[in-house]
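Me: Please take a close look at one part of this predicted model and follow it outward to whatever it touches. A plain description is enough.

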Amino acid sequence: MAISLDDVRDRYALPSVDQLLADLDAGETLPAPFYYAPEIHQLEQEKIFSKSWQYACHESAVAKPGDYAVTRAGAIPIIVTHGRDGQLRGFVNVCRHRLHSIAEENGNKPLLQCPYHGWTYGLDGKLKTAPRSQREPNFDCSTISLEPVSVERWDQWIFVNPDPNAAPLATVTADIRSRTDELNADLRDYEFQIRYEYDMECNWKLWAENAVECYHCPTLHSTSFGKTYHTSPDDYAIDSSDNTIWHAGPIKWLPTNVDPEGLKGFRFAFTFPSSFFALDDYVGFIGSIQPVGPQKSWAFVDMYAKPGADPIVVKEWLDMWDRTLIEDKRATDIQQIGYNSGRVRAGRLLLDSESPLQSFMRTAVTALSS
Ligand code: FES
Ligand SMILES: [Fe+2]
């Protein structure tokens, strides 16, 4: 049954939407139930993740006809295909027979066969054959197709939106495009290294909020990110709008004799609700965070390195990022305990350093109340 934010507000004694927005303007965080209530999780799937653009894969995963790549958009499994007509398409990765996934891993095939009972679909999503269906008097394959979703390229990146009638991705990225064009152009040359994955015992918003502020960098990341980049408020730039957040900070330390002066430094872009990418002069990454449950989330981060970059720096940087993200995971898992305590109703932001959280939370509330 569909629920509304009003139903959830009654149950958890939350203020009105207007009051929530006024509290955010005054520097409060969202109230704690937003981080543990199962109803909020359900509402987020419906109002945010089922209709938002989310990073799916690099274009190389679906470069040739027959290629397909699996991903998720919130709770919705997705498969992106490259048809024989050259067209990229996306579908809900769920068989129309009895809802098994069509594929569990990326691959290349002329047809997609569900491994459960063998229903076979074209790369255009149309059902071609179903074993024993000829024994059924009223079964017509041509009336059955995988559920379509929207797919778009953002330069070399493939994004998906479970809404088949989604507004173009550019409507989300417009505010940040002039900056990310340069980022993507640089990242295009970088070579894939490794995928990092993190299982968090926390609500997805805690990890996303952590990703969009660097107030914690000098303390939590004192031997990782905070050692590598200048993170003081005068050095580290942050900027945010409704759907996008931008960070930039100079490199402070290198494990070699290179003078960081003259390097482009760290640059980071985030698109609501959960996709992010970044790079510096040595490594780059792109990733996404997904809610798994009200208090569980999963993130993947695909790491890239600049061809010809000093291997000592690349190794150190890849390791630094893994340590940084594990530190983030530990912190957000511990925050979840605090949010669950029921004794602190909301947090208090320092807006000079944490304004992106305010934008993120405002966009979330607006989406949930739509
Ligand atoms: S669930 Fe796919 S063929 Fe049965
Ligand atoms: Fe962090």
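Reply: Helices here are DSSP runs of H or I with at least four residues, strands are runs of E with at least two, and both are numbered from the N terminus. The model is predicted. The part chosen is helix α9, which spans residues 311-340.

Start with the metal. The iron ion (ligand 2) has as its protein donors NE2 of H216, NE2 of H221 and two OD atoms of D328, at 2.1 to 2.6 Å. Along the sequence, the donor residues follow the spacing H-x4-H-x106-D. Of these, D328 sits in helix α9, while H221 is in the loop between α7 (217-220) and α8 (225-228); the two are 107 residues apart, and the pair links distant parts of the chain. Both H221 and D328 are buried.

The geometry at the iron ion (ligand 2) is irregular, because the angles subtended by its 4 donor atoms run from 54 to 151 degrees. Four donors count as tetrahedral if all angles lie between 85 and 135 degrees, and that range of 54 to 151 degrees does not fit. Water is not among the atoms, so a site of this kind may look incomplete.

D328 also appears in the lining of a cavity. The model has 1 cavity of 30 Å³ or more, with a volume of about 210 Å³. Its lining is made of 19 residues, and N210, A211, F268, W321 and D328 are the closest to its centre. Two or more lining residues come from each of α6 (204-211), β14 and α9. Helix α9 gives the most, with 4 residues.

Next, the aromatic contacts of the helix. The model holds 31 aromatic pairs, and W317 takes part in two described here. With Y229, W317 forms an edge-to-face pair, 6.4 Å centre to centre and with 65 degrees between the planes. Y229 lies in the loop between α8 and β12 (237-240) and W317 in helix α9, so this pair ties together parts that are 88 residues apart in sequence. Both Y229 and W317 are buried.

With W253, W317 forms a stacked pair: the centres are 6.3 Å apart and the planes 20 degrees apart. W253 is in the loop between β13 (244-249) and β14 (266-271), 64 residues from W317 in sequence, and this pair also links distant parts of the chain. How do W253 and W317 compare in burial, buried or partly exposed? W317 counts as buried because its relative accessibility is 0%. W253, at 28%, counts as partly exposed, since the buried class ends at 20% and the exposed class starts over 50%.

W253 has a charged neighbour as well. K227 lies over the face of W253, 4.1 Å from the ring centre. Elsewhere in the model, the charged end of K205 sits over the ring of Y35, 4.9 Å from its centre.

One last feature concerns the chain beyond β14, a strand that also contributes to the cavity lining. The peptide bond from F272 to P273 is cis, with omega near 10 degrees. P273 is in the loop between β14 and β15 (275-279).

To put the helix together: α9 carries the iron donor D328, gives 4 residues to the cavity lining, and holds W317, which pairs with Y229 and with W253.

Terms used:
Residues numbered from 1 in each chain as written. Chains lettered and ligands numbered in written order. Predicted model: local features only at pLDDT ≥ 70, side-chain atom pairs only at ≥ 80, totals over all residues. Heavy atoms only, no water. Donors = N, O, S within 2.8 Å, 3.2 Å for Na, K, Ca; no water. Tetrahedral: all angles 85-135°; square planar, octahedral: opposite > 155°, others 65-115°. Buried < 20%, exposed > 50% of the residue type's maximum accessible area, 1.4 Å probe, protein only. Phe/Tyr/Trp six-rings, centres within 6.5 Å; stacked < 30°, edge-to-face > 60°. Lys NZ or Arg CZ within 6 Å of the ring centre and 35° of its normal. 1 Å grid on protein atoms, 1.4 Å probe; cavity = no way out; pocket = protein on both sides within 12 Å on 5 of 7 lines; lining within 4 Å. Points joined across faces, edges and corners; volume = space filled by probe spheres on them.
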